[in-house]
Amino acid sequence: PPEEVEDASEPTKRDRSHLESTLKLNEDKPADDFSGVLQRLRKIYHSSIKPLEQSYRYNELRQHEITDGEITSKPMVLFLGPWSVGKSSMINYLLGLDDTPYQLYTGAEPTTSEFTVIMHGPKLKTIEGIVMAADSTRSFSPLEKFGQNFLEKLIGIEVPHKLLERVTFVDTPGIIENRKQQERGYPFNDVCQWFIDRADLIFVVFDPTKLDVGLELEMLFRQLKGRESQIRIILNKADSLATQELMRVYGALFWSLAPLINVTEPPRVYVSSFWPHEYHPDTHKDLFLKEEISLLEDLNQVIENRMENKIAFIRQHAIRVRIHALLVDRYLQTYKDKMTFFSDGELVFRDIVEDPDKFFIFKSILAKTNVSKFDLPNREAYKDFFGINPITSFKLLSQQCSYMGGCFLEKIEKAITRELPDLLGSIGLGKKPNVLSCDITGCGETPKNRYRKP
């Protein structure tokens, strides 16, 4: 047909209506207002969890203090993968930034050397990393600990886009296989870990024409251990290969990733081309479009479950703080029992720290209610912990009570068993019954592995 000839110079753009409808960008209704729930969540955290956390210096054990910015932050979608696989193009496409002054810079060379946070703002502007880290209302202030060199590689972009009212995107520097980490000038892996630990969804993007799984990528997959349910693998630029070739690449990708992801349920894989242009002729356009819609539904699901995930995250944190407090209390009690008038406190305590099992410290905690052995921190961590925090600087749990405020331990237990579950329940009731759309897409279920025999 003659029309095609005219368009040959300028690649045609695909219709975007499926993006708008799946991500509900056209709906005028305000996004669910969870401010009341967030206020209650903050209150529970500050009154029932934080006092115990500070009293037993939990953040020195786990290096994780929860800031208000983190409690109120939006879900975060992290884009990882080798350089030039189309991470930035994908973000441009999802946000419709192509050919606008705001688009992320893309190209064949390694272009993104920064960690770019794309968030919502009333008008377009760029924010320096140093400013982002200084602002305690944002959830990025903990990034200061990675030093000045890193903050120069951190950049924020505010864009007035409907999707960003509900989610924040983070674009990362591509993994470059033959480069040493020190050339980056900051602890690249530690920074990646910080984002991985906080991401609600992690897109690991690959280009089928260059599958090179080298050391930096292996390292990255090691860091993703335990986060399998958040990971989605994306075989991007899928229309650049003929079908047979694509199937081979798909097999090769799984082959090279198999040793890195040892889970019974492999992560979900999406095969498509995430950019605005028409798919190449003679490729599986229908498949690519379906895959893209599945990915958008996946993203939408994360946005809709954001409050539940937040409450579950705080509750998980509370469980760990409680176990830590019980352990420190137990160490302290054992120490007090062993001390006599003539003992040398240092020696007595060293004996306990060196071999806590001799004193049944960990066993006695397991005997308490609702402590899973998988949640117990390791013994070595306590050697380090008490190396910095002398045992005599702590108080027993039984002494951490006040006439007005009640006991710290009781309060955190009430938060874990009653208050946080009640808060979860309260959202469930308030939700509109929009479950029906999931009957069609099955979006609520865990993604099925399409390649496993039933």
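Let me start with helix α6, where K87, S88, M90, I91, N92, Y93, L94 and L95 are buried, and I should say at once that what we are looking at is a predicted model. Taken as a whole, α6 spans residues 87-95 and is mostly covered, with 8 of its 9 residues buried. Just after this helix comes G96, and the phi of G96 is positive, near 65°.

From there I would like to move to the sheet. Eight strands make up an open sheet of mixed pairing, and if you follow them across, the order reads β3-β4-β2-β5-β1-β6-β7-β8. At the edges sit β3, residues 125-128, and β8, residues 268-271, each of which pairs on one side only. Going from one strand to the next, the twist averages 20°.

If we stay with the β8 edge for a moment, its partner is β7, residues 231-235, and the two strands run parallel, joined by 4 bridges. To pick out a position you can find on the screen, I233 has V269 in β8 as its bridge partner.

Lastly, let me turn to two helices that lie across this sheet. Helix α9, residues 188-198, lies across β1 (76-80), β2 (115-120), β4 (154-159), β5 (168-171) and β6 (201-206), and its direction is at about 140° to β1. Helix α12, residues 285-304, lies across β1, β5, β6, β7 and β8, and runs at about 135° to β8. So that you can place α12 against what I said before, β8 is one of the edge strands, and β7 is the strand that runs parallel to β8.

How values were computed. Residues are numbered from 1 along each chain as its sequence is written. This is a predicted model: local features need pLDDT of at least 70, side-chain atom pairs count only at pLDDT 80 or more; totals for chains, interfaces and linings use all residues. Side-chain values use heavy atoms; hydrogens and water are left out. Two strands pair if DSSP finds at least two bridges between them. Axes are lines fitted to C-alpha atoms, for helices over the stretch in contact, and angles run from 0 to 180 degrees between N-to-C directions. Contact means heavy atoms within 4.5 Å. Buried means under 20% relative accessible area, exposed over 50%, partly exposed in between (1.4 Å probe, protein chains only).
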